[in-house]
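Work through the exercises below with the sequence and the coordinates at hand, and try each task before reading its solution.

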Amino acid sequence: MSLFCKQCQSRRLPVILSAGEKTMWLCEKCKNFADIDDFIIREQTEEEIQENIRKIEEFKNVTIAQGEKLVRRKGVN
Ligand SMILES: [Zn+2]
């Protein structure tokens, strides 16, 4: 099992789509999922791509919010 995509050699990311399912490896460049045996299961759907973008945006917002909190806390002390 390689951490790198056999098609484009990019680093793959482990993803678990739902509880109880096996971990799959997503290549963000090729937009496909491979299993632990390096077998390409399927391509990422448009819906999943959008969901991913949404999650990244959400994560950014949380990070920014936490940064603000830290600044405020400093002011209190
Ligand atoms: Zn790839």
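**Exercise 1: Gln9**

Decide whether Gln9 counts as buried or exposed. Gln9 has 10 C-beta neighbours inside 10 Å, and the cut-off for an exposed residue is 12 or fewer. Gln9 therefore counts as exposed in this model, which is a predicted one. As for its place, Gln9 lies in the segment before strand S1 (13-15), and its phi is near 70°, a positive value in a residue other than glycine.

**Exercise 2: Asp38**

Find where Asp38 sits, and work out how its exposure is classed. The first step is to locate Asp38 in the loop between strand S3 (32-34) and strand S4 (40-43). The next step is the neighbour count: Asp38 has 13 C-beta neighbours inside 10 Å, and because of this count it is classed as partly exposed. The backbone adds a further detail, since phi of Asp38 is near 75°, a positive value in a residue other than glycine.

**Exercise 3: The sheet**

Describe the order of the strands and name those at the edges. Begin with the chain as a whole, which has one helix and four strands and follows the pattern β-β-β-β-α when read along the sequence. The four strands form an open sheet in the order S1-S2-S3-S4, with antiparallel pairing. Its edge strands are S1 and S4, each of which pairs on one side only. Neighbouring strands of this sheet are turned against each other by 35° on average, with direction ignored.

For a closer look at one pair, take S1 and strand S2 (residues 24-27), which pair in the antiparallel sense over three bridges. Within this pairing, Leu13 has Leu26 in S2 as its bridge partner.

**Exercise 4: Ile49**

Identify the residues that Ile49 touches, leaving aside residues up to four places away in sequence. Ile49 belongs to helix H1 (residues 46-76), and with that restriction on sequence distance it touches Lys31 and Gln44. Lys31 is 18 residues from Ile49 along the chain, and the C-alpha atoms of these two residues are separated by 8.3 Å. Ile49 counts as partly exposed because it has 13 C-beta neighbours inside 10 Å.

**Exercise 5: The whole chain**

State what share of the residues counts as buried, and how many of the contacts join residues at least 24 apart. Of the 77 residues of the chain, 6% count as buried. For the contacts, consider those between residues at least 6 apart in sequence; among these, 11% join residues at least 24 apart.

Key: Residues numbered from 1 in each chain as written. Predicted model: local features only at pLDDT ≥ 70, side-chain atom pairs only at ≥ 80, totals over all residues. Helix = DSSP H or I, 4+ residues; strand = E, 2+ residues; numbered from the N terminus. Buried ≥ 20, exposed ≤ 12 C-beta atoms within 10 Å, placed from the backbone. Pairing = 2+ DSSP bridges. Axes fitted to C-alpha atoms, helices over the stretch in contact; angles between N-to-C directions. Contact = placed C-beta atoms within 7 Å.
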